[in-house]
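Student: I am new to this structure and would like a close look at one part of it. Could you walk me through how one helix sits among its neighbours?

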Amino acid sequence: FRGLGDGYNRTVYAHSPEANQQSQRFVAFAAVAIMCPLAFIAVTHSGAWLIEWAFGIQRDLAQQVQSYVLWMCPLILLNAQRHYLSGLLIQAQLTGWVTTLNFCYLGISDAAFLTGFSWQLPARDVLVGAELLGVSVFVATFSGVRAKYYQTPTLPEHAAVTYRESLGFL
C-alpha cells in the first residue's frame, strides 16, 4: 500500500465532489484494512505468540510490543487522512499550506517529544502520544484549510470512481 502515502495518489481520482468522497472513503477503508490485523496482533494471545515467534523474544517483551502496536493503530487511519488531505491541497495548488502545516506538525510533535521525555514519561506514551498529537492537530487544521480554500476540480472522466478502479490504482 506504499505506506498509505497512496493517499497522495488517490487524489488523482478526486475531480468531482462525488469522486472526492469516494476516494476519501477508499483511503479510510484501506487504512482500516491495515489497522485490523495489527489490532488483532495487539490484543490477542495469538498476537503475542506471533510477536514472540517472529522476533525471538520473551512474553513480557512481546506484551510491551503489543502495547506499542495497539497505541499505533489510530496513527494508521490518521496518517492516511493526512496524506489524502495533503494530496488534495497539492492538487489545488495550495502547496504553501502544505508546507506550513507540515512544519507545524513537526514542531508540535518535536515539542511533545521533548516535553514528554523531560517529564520522564514512559517511552511508549511519549513516542506514540507525540505522533498522535501532531497528526491529530495536522488533520484537524488541514480539514479547516480544505473547507475554506479547496475547490474540487471538475473533470468528468473521474466523476464516478469505483472501488475496483481504486484497488487497481494501488
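Tutor: Let's start where the axes of H3 and H4 come within 9 Å of each other, crossing at roughly 115°. The two helices are therefore roughly perpendicular to each other. The way H3 passes H4 is a right-handed crossing. On the H3 side, the contact is made by His45, Gly47, Ala48, Trp49, Ile51 and Glu52; on the H4 side, the partners are Arg59, Ala62, Val65 and Gln66. Sorted by class, this contact of H3 with H4 holds five nonpolar, three polar and two charged residues. Please keep in mind as you look around that this is a predicted model.

Now follow H4 itself. Helix H4 covers residues 59–91, which is 33 residues. At 1.5 Å a residue, H4 should span 48 Å, and its end C-alpha atoms lie 47 Å apart, so the two values agree. Along the way, H4 has a kink of about 30° at Met72. The proline Pro74 comes shortly after that kink. Once H4 has ended, you will find Gln93, a residue with a positive phi, near 60°.

H4 has another neighbour to look at, helix H6, made of residues 123–149. The axes of H4 and H6 come within 9 Å and cross at roughly 25°, which means that H4 is roughly parallel to H6. This crossing is left-handed, whereas H3 passes H4 in a right-handed one. The contact of H4 with H6 is made up of 18 nonpolar, six polar and five charged residues.

Finally, let's go back to H3 and look at its other side of the story, helix H2. Here H2 spans residues 17–43 and H3 spans residues 45–55. Their axes come within 5 Å, with a crossing of roughly 90°, so H2 is roughly perpendicular to H3. From H2, the residues Phe40, Ile41 and Val43 take part. They meet His45, Ser46, Gly47, Ala48, Leu50 and Ile51 of H3. In this contact of H2 with H3 there are six nonpolar and three polar residues, and no charged ones.

To put the picture together, try tracing H3 once more: His45, Gly47, Ala48 and Ile51 are among the residues that meet H2, and His45, Gly47, Ala48 and Ile51 also belong to the contact with H4. From there you can move along H4, through the kink at Met72, and compare its roughly perpendicular partner H3 with its roughly parallel partner H6.

Notes
Residues are numbered from 1 along each chain as its sequence is written. This is a predicted model: local features need pLDDT of at least 70, side-chain atom pairs count only at pLDDT 80 or more; totals for chains, interfaces and linings use all residues. Side-chain values use heavy atoms; hydrogens and water are left out. Axes are lines fitted to C-alpha atoms, for helices over the stretch in contact, and angles run from 0 to 180 degrees between N-to-C directions. Helices (H or I, at least four residues) and strands (E, at least two) are DSSP runs, numbered from the N terminus. Angles under 35 degrees count as roughly parallel, over 145 as roughly antiparallel, 65 to 115 as roughly perpendicular and the rest as oblique. Contact means heavy atoms within 4.5 Å. Ala, Val, Leu, Ile, Met, Phe, Trp, Tyr, Cys and Pro count as nonpolar, Asp, Glu, Lys and Arg as charged, and the others, Gly among them, as polar. The expected span of a helix is 1.5 Å times one less than its number of residues. The bend at a residue is the angle between axes fitted to the seven residues ending there and the seven starting there. A crossing is left-handed if the near helix is turned anticlockwise from the far one by less than a right angle, and right-handed if clockwise.
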